[in-house]
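Please work through the exercises below with the sequence and the coordinates at hand, attempting each task before reading its solution.

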Amino acid sequence: MSLAQGDDFADMWTSLEPVGRAPDGSYHRLAWSEADLACRDWFRSQARQRNMALDEDRNGNLWAWWGEPGPGAVVTGSHLDSVPGGGAFDGPLGVVSGFAAVDRLCRRWTVPPKPLAVVDFADEEGGRFGVACAGSRLMTGQVDPDTLLARTDRSGVTLAEAMRAAGFDPTGCGEDPERISKISAFVELHIEQGRALEGLGAPVGVAAAVWPHGRWRFDFAGQGDHAGTTRLADRRDPLIPVAHLILDARAQAGAAEALATVGRVEVNPGATNAVASRASAWLDARAPSRDAVRNLVESIRAASLEHCSHHDVALATKEESWSDGADFPGALQEHLIASVAAALGAIPKLATGAGHDAAILAARVPAAMLFVRNPTGISHDPAEAASTQDCLSGVDALTAALAALLDDPRRPSEAPSGPQADQSRSMTKVTPR
Ligand SMILES: [Zn+2]
């Protein structure tokens, strides 16, 4: 199959940029929303322009194939959905760079030595149904499809209903061993969600590890009451333990050299002149090891229970999602570092607290990640940024990494592993946002 000349990076970026962008520059590409469907159409049109075979898997992930889909496939890509109010780069940079890399590689090969796919993983952010990396988790069997499909968004729409409304039949959702068995390596390029590369003066880095992380829901039930007539001593105000939870999470994460965030609170009824009756808060926690995350969350929960008993408030907690994190295989990492270094010079290794589809896939296939410098360090916000020059360095790095994988007759797990420098999961150099 010969490829038609595709758009270059800038043209692709320009065509995708307005989709789901609000007047203030923030992005709203929630999974299976109209904006997300427009992004998916954009993906299909990019595949068509390159004569790449398009295929939508059982879990709603989109694949564009160069070469006959089959065993030994080298896969790259990321996601096109966003958190509510997100930035332009988180996700799309990896997909656009994937297509741009294909354009460069097809100058070298008419037919690639192994099949190469660019993928758009569905619902990576979990911004609508609360479970991050839904598409890759479903594919790799790391989530129960029935439970996930029954989850609702804030309007009460289930994931299954949202998929159907988008014209996708969710009945086949679930583990896809046949597809997984075809993948010899997955390389995801992503905007860095911190300022490590800025500090190191490097445009591109390689991921060393992704920290384990999870999300917990805390439901507080007190007694709604009048703000003007209820004595302070008589109140059962659920927002007081919520306030403590926010501060405890911060203090305990600081002491544990971990990360904990309460980024969402819902208050009922939410009236200025009323003591609230109920409140819910969502805790996101991340640390270098599973035990560290579990211990941190348990300790925050124990402190919260104490505050609740002080204020006669009932507390129910629920784990909403969990990611084991990933130690990306050293052999593939070294393979990547060597191939990218030949094209760009030495590139640093970074640990990250952010979850990614590559970390989900790493449980089943050799996976690796490249990060592109983000001078603001900000992510999940319109201030997320990357210069065009750095984006193009990212494309060069990805192209070199994919070329080396396509050219290497061995499986990535068999590639020789070099010195394992800087394998620490420490994030002293990294400040994820
Ligand atoms: Zn992302």
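The exercises that follow treat domains, the nonpolar core, two helices and some unusual backbone angles.

The model is predicted, and local features are considered only at pLDDT of at least 70, side-chain atom pairs only at pLDDT 80 or more, whereas totals for chains, interfaces and linings use all residues. Residues are numbered from 1 along each chain as its sequence is written.

**Exercise 1. Describe how the chain is divided into domains and how these touch.**

Solution. Begin with the bounds, which come from an automatic or database domain assignment: domain 1 covers 9-211 + 325-414, and domain 2 covers 213-323. Next, take the C-alpha centres of domain 1 and domain 2, which lie 33 Å apart. Then count contacts, where two residues are in contact if their C-beta atoms, placed from the backbone, lie within 7 Å; nine residues of domain 1 are in contact with nine residues of domain 2. Finally, sort the domain 1 side of this interface by class, which gives four nonpolar, five polar and no charged residues, with Ala, Val, Leu, Ile, Met, Phe, Trp, Tyr, Cys and Pro counted as nonpolar, Asp, Glu, Lys and Arg as charged, and the others, Gly among them, as polar.

**Exercise 2. Find the largest nonpolar core and state which helix gives the largest share of it.**

Solution. A residue is buried if 20 or more other C-beta atoms lie within 10 Å of its own, exposed if 12 or fewer, and partly exposed in between, with C-beta atoms placed from the backbone. A nonpolar core is a set of buried Ala, Val, Leu, Ile, Met, Phe, Trp, Tyr and Cys residues joined through C-beta atoms within 7 Å. The largest such core holds 125 residues, and those with the most contacts inside it include A207, L283 and F328. Helices (H or I, at least four residues) and strands (E, at least two) are DSSP runs numbered from the N terminus, and helix α13 (residues 388-407) supplies the largest share of the core, 10 residues. The core draws at least three residues from each of domain 1 and domain 2.

**Exercise 3. Check the length of helix α10 (residues 290-310) and say why its buried residues line one face.**

Solution. The expected span is 1.5 Å times one less than the number of residues, so the 21 residues of α10 should span 30 Å, which agrees with the 31 Å between its end C-alpha atoms. The buried residues of α10 are V293, L296, V297, I300, S304 and C308. Seen down the axis, they fall within an arc of 110° and so line one face of the helix, the arc being that of the directions from the helix axis to the C-beta atoms. Among the partners of this buried side are β7 (213-221) and α9 (239-255), while the face turned away from it carries exposed residues, including D291, E298 and E306.

**Exercise 4. Locate N51 and C133, and decide for each whether it is buried or partly exposed.**

Solution. Most residues other than glycine have a negative phi, and most peptide bonds are trans. N51 has a positive phi of about 55° and lies in the loop between α2 and β1 (53-56); with 14 other C-beta atoms within 10 Å, N51 is partly exposed. C133 likewise has a positive phi of about 55° and is placed in the loop between β4 (116-120) and α4 (134-139), but C133 counts as buried, with 27 C-beta neighbours inside 10 Å. As a last step, note that the peptide bond from N268 to P269 is cis, with omega near 5°.
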